[in-house]
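Good morning, colleagues. Please look at the sequence and the model as they come up, and I shall then take you through selected parts.

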Amino acid sequence: MDSLLKSVIMKIFVLFVAMVCFFKTGYGQYIDGDVFVEADEIPGLVKQLKNNLSDEQRAVVLLRIGLGYLYKNGEMQADLDSAMHYAEAAKALGTQINHARFINEGLLLTSMVYLERKDMAAAKRMLGVVNDSSRLKLLMYTSIMYVNTPASAPGDHSLLDSGGNYAEAAVKLALKLKLKEKTAIQRLEHVAINYSMRHERRLAEKYYLLAQQYGAGGNYPSKARTFGNLSRVYSDAGNFYKALSYGIAGEKALGNSSDVEDLSLIYTTLTSLYTTQEKYEQALLYGGKILADPAKYRYYVFIYAIANGYCNNLRKLHRTKEILPFLQQFKAACPLQEHFDRIFYCLALGNAYKDQGQFGLAESNFLESIKYCDSASYSPAVPYYNLGSLYQQFNDHTKALAAFKIAAQGLTNEVMKASNLSDIAQSAAALGDYTAAYQYLMKSKGISDSIFVVNKEKVIQELEVEYQTKKKEAALQAARDQASVRKKVTVIIIALLGVIIGLLVWLFWSKLKSNKVITGKNVQLQQLVKDKSWLLKEMHHRVKNNLHTIMNLLEFQSAYLHDDALDAIRNSQSRIFSMSLIHQKLYQTDDDVKTIDMAVYIPELVSYLKECFGMHRNCHIDMDLEHSIIFYVEEAVPLGLIINEAVTNSMKYAFTADKPGVITISMKSSGVDTYELILADNGRGLGADFDLDKVTSLGFQLIKGLSEQLGAQLKLVNENGLKMVLTGISVYRTSKVKTMERELREQIQAASYEL
């Protein structure tokens with residue numbers, strides 16, 4: 001499926017995190033590059049102490065024994081006591097022979113024991129005792145201990161904050177001493193990873209960028225690595241716009257000297273992002289870069305998982321005929337080596353046969369993939385999901401439902417969860433369990449909306465159509481039953497013309513039944529009205545989200561523009577916001593989703609414009625609005641655009657820096673269902689030769705055209721500034737025009753039938 005690639009990439013990311021945090025128990029203090037002593041080495045080292053050793057040799061052995069007890073798995077108190085004993089012995093011997101190295105390493109080992117005992121105060125005191133090189137190691141050890149200590153309460157990251165501070169102090173000292181710079185910077189990345197795992201994206205971003213800042217003078221970390229990691233952080237949060245920005249920046253940072261790890265990170269990240277955003281051509285491009293040289297990349301990625309994702313993208317582009325040849329060629333170029341290769345190869349092969357309608361081959365490959373998952377101790381959720389899709393395609397909904405429910409227990413990716421729940425709903429509906437289908441569908445929709453991912457609309461529509469079809473069939477059956485009953489009653493009435501009482505009883509019963517039917521129809525109509533209102537709110541919600549996406553794209557573009565082009569972008573943003581705000585009001589209201597209260601809308605629009613254009617100058621806006629001004633959306637949109645253009649023009653051009661500015665907005669009733677809008681400022685006004693009919697600026701052309709659309713009369717007056725008056729604004733004009741158009745079409749259609 002489409003999101004499998006993203007899931008696999010996140011698995012790799014989690015695996016990396018697990019490796020970073022591997023030494024959380026007995027090995028919590030170990031840093032790559034230091035001396036590491038296995039527990040089974042301790043007896044042999046103790047025997048060496050009985051030999052005739054020099055003082056320096058004895059000190060080395062004492063330290064190694066102490067490290068062995070410290071690194072011993074389990075953190076037993078007796079082991080820590082032994083580690084402390086040998087640390088003290090090494091320190092005493094170093095003092096005896098006046099050897100600074102052994103004194104400091106003994107003190108450092110003592111500090112590490114304090115850390116393992118969670119005696120943070122004692123460990124901190126040691127920072128002022130040891131020399132610089134030992135202090136550097138102690139800072140890194142302390143950072144690891146704070147980072148790996150679980151939080152005392154959900155949402156509390158004070159220990160992680162302390163770990164970040166110690167990591168940054170370690171980096172500064174490492175750069176000063178020119179020792180272990182890369183290891184110290186990796187401590188910052190370790191902090192960033194843990195913030196990301198706790199969903200603190202901004203703090204994760206802070207520490208990734210700190211690592212980049214401190215490593216700018218060296219080879220680690222590369223910009224590509226930093227941007228790639230940040231892209232994954234925001235992709236995991238569902239912020240695909242920011243994730244893609246960092247992903248593109250990471251690609252730009254790649255060069256001829258970039259290592260395979262950086263290339264793998266950027267290419268897999270961009271492949272995942274483009275797949276998630278349904279830009280399958282771009283996803284094929286970046287996935288193809290990896291698959292073109294599998295020997296180069298296979299030890300940095302799950303190469304057959306990338307190949308499976310590549311096949312899924314081909315499928316989305318309706319290029320299914322290319323999949324089997326591709327898999328055969330790729331297998332020849334990159335032979336299967338491990339269980340993970342076979343898991344994803346069988347998965348891709350199963351989907352290819354599924355596309356061709358070959359049920360047996362598809363099922364056997366999906367089952368083979370599940371078998372390899374068990375062998376590799378890997379979650380079989382994705383193969384089970386694909387197996388369920390196969391059964392669903394061949395209308396075996398009982399097996400499909402069972403497979404989907406097994407998949408639901410292991411899926412971690414939110415997009416895949418939503419998709420799986422949607423398919424469960426479809427199979428439940430096919431089996432006649434509409435209550436469960438509705439519940440699963442709502443769960444699916446809730447997950448999709450929470451990460452701004454569009455759910456499987458086709459499945460929803462099919463369920464809705466099937467549900468409505470079932471209702472219609474039931475209604476038709478009821479109508480047929482009713483007709484049958486009436487026919488029998490009619491026969492009885494004709495046969496018993498003289499039986500007046502029987503006729504009256506039948507008439508009474510028929511009327512009562514009709515009343516029940518009418519009551520039922522009314523209930524159905526009320527439910528349909530509620531459903532329509534919900535769907536309209538959902539539509540306005542999605543329109544608002546799309547408009548905000550456009551605004552974000554314009555904001556991103558504005559970073560590269562200046563002067564007139566930048567002004568045009570900002571003007572477009574304010575116009576889009578005026579429309580977006582209307583749709584936001586429409587889906588947030590609990591009442592009618594077709595009307596807007598302009599008395600609430602106008603102040604919010606003006607507040608946005610003030611923030612957008614920076615009201616740092618001496619400028620004030622007065623508003624005189626009636627308490628409740630209810631407009632249909634057809635009139636509210638052009639009216640909001642007119643106010644946006646007028647207020648924007650006044651803010652930008654009406655006032656000078658040395659003169660206080662006042663903008664006045666007034667909207668009041670001028671008759672039955674009609675209003676008058678006045679927009680005025682005390683600025684410099686228009687030129688004496690200004691002619692509205694000949695004006696070429698986009699703003700005034702919009703105001704003029706939108707006024708005509710509203711059927712309002714526009715008047716511009718230079719009166720202590722500029723005064724714009726719109727009169728005759730009708731609340732129902734557009735709806736009346738639509739009604740007239742509909743009636744006219746009906747009349748024309750009726751006339752054509754008569755002819």
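Helix 28 crosses helix 29 in a left-handed manner; a crossing is left-handed if the near helix is turned anticlockwise from the far one by less than a right angle, and right-handed if clockwise. Helices here are DSSP runs of H or I with at least four residues, strands are runs of E with at least two, and both are numbered from the N terminus. This is a predicted model, in which local features need pLDDT of at least 70 and side-chain atom pairs count only at pLDDT 80 or more, while totals for chains, interfaces and linings use all residues. Residues are numbered from 1 along each chain as its sequence is written, and side-chain values use heavy atoms, with hydrogens and water left out.

Helix 28 covers residues 633–654 and helix 29 residues 698–710; they pack at about 155°, their axes 9 Å apart. Axes are lines fitted to C-alpha atoms, for helices over the stretch in contact, and angles run from 0 to 180 degrees between N-to-C directions. The two helices are therefore roughly antiparallel, the term for angles over 145 degrees. Contact means heavy atoms within 4.5 Å. Among the residues that meet are P638, L639 and I642 of helix 28, and L702, I703 and L706 of helix 29.

Let us turn to the sheet. Its five strands form an open sheet in the order 2-4-5-7-6, with mixed pairing; two strands pair if DSSP finds at least two bridges between them. At the edges are strand 2 (619–625) and strand 6 (713–718), each pairing on one side only. In general, strands of a sheet pair through backbone hydrogen bonds, either parallel or antiparallel.

Strand 4 (residues 661–671) and strand 5 (residues 674–681) run antiparallel and are joined by eight bridges. Within this pair, S669 stands opposite Y675 of strand 5. Helix 28 also packs on the sheet, where it touches strand 2, strand 4, strand 5 and strand 7 (722–730), and its direction makes about 15° with that of strand 5. Helix 27 (residues 598–613) lies across strand 2 and strand 4, and runs at about 170° to strand 2.

How many bridges join strand 6 to strand 7? There are six, and these strands run antiparallel. L714 has L726 in strand 7 as its bridge partner. Three residues lie between the strands of this hairpin, in which N720 takes a positive phi near 55°.

Note on methods:
Angles under 35 degrees count as roughly parallel, over 145 as roughly antiparallel, 65 to 115 as roughly perpendicular and the rest as oblique.
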